[in-house]
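Here is a request to reason through a protein model step by step, asking at each point what a given term rests on.

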Amino acid sequence: GYAGHLSGWKQAGGFEVNFLPKYQALVEEGYNVLAYDMRNHGFSAPSQNGGYNPNFFEYKDVLGSLEYVRKRFPTMEIHLHSMCLGGNSTLVAMRRQPKAFQGIKSMILLQPISGDALVRKISDGFWFGKAGYDAFEKHYREIWGYRIQDSSPIADAVHIKIPTLVAQVRKDKFTYAEEDVQAIYDAIPVAEKKLHWIEGTTERFKGYCYFSDHPQPMLDWYNKYATV
């Protein structure tokens, strides 16, 4: 989660993001949960000098988690709950190693975000416009050797082959969510998909709380595609 209710961490709305209630709801429904922190977050070790690039690094952790579950529990069904940058990483993994996702029952993709939409929103928020966008790209390359387009879930969404529920705060003030997430959803080529807009807030981090506060849509989606 995120300790947004504590001093020094209130810049994302001033409230706690707690994933435990949705994990509890899943366990009570009969599911087992494997949750892990992304690189450079929580208890996960630092790597690549604090940078994030799903196109090169984090997608490997998605594949590693699938390999772990399949080796440890070979008869267990797998559903995915991929959030934000973790969702981006999952889509990259689907592009790079599609066979790893064969047999997976369903996915919830919670607030994926394009690097382009995020940086444009930040630049526009500071009235920097294209100059700010170009400056970010320049320094991003100088510091880490990355590009904004390295995080492009719109392009990667075409590699989704499993039933997918996409959920997003519609009026998210951190990004151009309606444009970006709608495009991600539209690019998903499967018929069994659904887009759930979270209304009544502009706080992105409320989206991360959504299934903790309202677990039933999550349970309904997974149960619809579970076979055991």
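The questions and answers below deal with this predicted model.

Q: What pattern of helices and strands does the chain follow along the sequence?
A: The chain has 9 helices and 4 strands, and from the N terminus onward they follow the pattern α-α-β-α-β-α-α-α-β-α-β-α-α. Of its 228 residues, 45% count as buried, and among contacts between residues at least 6 apart in sequence, 74% join residues at least 24 apart.

Q: Why is helix H2 called roughly perpendicular to H3?
A: The axes of H2 (residues 54-72) and H3 (residues 84-96) come within 8 Å and cross at roughly 85°. Angles of 65 to 115 degrees count as roughly perpendicular, and therefore H2 is described as roughly perpendicular to H3.

Q: Which residues of H2 and H3 meet?
A: On the H2 side they are Pro54, Asn55, Phe56, Glu58, Tyr59, Val62 and Leu63, and on the H3 side Asn88, Ser89, Thr90, Val92, Ala93, Arg95 and Arg96. Sorted by class, this contact comprises 7 nonpolar, 4 polar and 3 charged residues.

Q: What makes E1 and E4 the edges of the sheet?
A: The 4 strands form an open sheet in the order E1-E2-E3-E4, with parallel pairing. Strand E1 (79-83) and strand E4 (193-198) each have a single partner strand, so one side of each is left without a neighbour in the sheet. Neighbouring strands of this sheet are turned by 15° against each other on average, direction ignored.

Q: How do you know that E3 and E4 are paired?
A: Pairing asks for at least two bridges between two strands, and 6 bridges join E3 (residues 164-169) to E4, the two running parallel; within E3 and E4, Leu165 stands opposite Lys194.

Q: Which helices lie across strands of the sheet, and at what angles do they run?
A: Helix H7 (residues 177-187) lies across E2 (106-110), E3 and E4, running at about 165° to E4, while helix H9 (residues 216-225) lies across E1, E2, E3 and E4 and runs at about 155° to E2.

Q: Which residues touch the most other members of the largest nonpolar core?
A: Among its 28 residues, Leu80, Met94, Phe101 and Ile160 do so. H2, H3, E2, H7 and E4 each supply at least two residues of this core, and the largest share, 5 residues, comes from H2. Leaving out residues up to four places away in sequence, the contacts of Leu80 include Leu66, Met94, Phe101, Ile108 and Tyr222. Another core, of 24 residues, lies apart from the largest one, with Phe19, Ala167, Phe205 and Leu219 among its members.

Q: Why is Thr175 called buried?
A: Buried means under 20% relative accessible area, and Thr175 has 4%, so Thr175 is buried. Thr175 lies in the loop between E3 and H7 and, residues up to four places away in sequence not counted, touches Ile113, Ala117, Leu118, Lys121 and Arg204.

Q: Why does Val158 count as partly exposed?
A: Partly exposed covers the range between under 20% and over 50%; the relative accessibility of Val158 is 38%, and therefore Val158 counts as partly exposed. Val158 lies in the loop between helix H6 (153-156) and E3, and, neighbours within four places in sequence aside, is in contact with Ala187 and Pro189. The C-alpha atoms of Val158 and Asp186 are separated by 9.1 Å, although these residues are 28 residues apart along the chain.

Technical notes: Residues are numbered from 1 along each chain as its sequence is written. This is a predicted model: local features need pLDDT of at least 70, side-chain atom pairs count only at pLDDT 80 or more; totals for chains, interfaces and linings use all residues. Side-chain values use heavy atoms; hydrogens and water are left out. Axes are lines fitted to C-alpha atoms, for helices over the stretch in contact, and angles run from 0 to 180 degrees between N-to-C directions. Angles under 35 degrees count as roughly parallel, over 145 as roughly antiparallel, 65 to 115 as roughly perpendicular and the rest as oblique. Contact means heavy atoms within 4.5 Å. Ala, Val, Leu, Ile, Met, Phe, Trp, Tyr, Cys and Pro count as nonpolar, Asp, Glu, Lys and Arg as charged, and the others, Gly among them, as polar. A nonpolar core is a set of buried Ala, Val, Leu, Ile, Met, Phe, Trp, Tyr and Cys residues joined through side-chain atoms within 4.5 Å. Buried means under 20% relative accessible area, exposed over 50%, partly exposed in between (1.4 Å probe, protein chains only).
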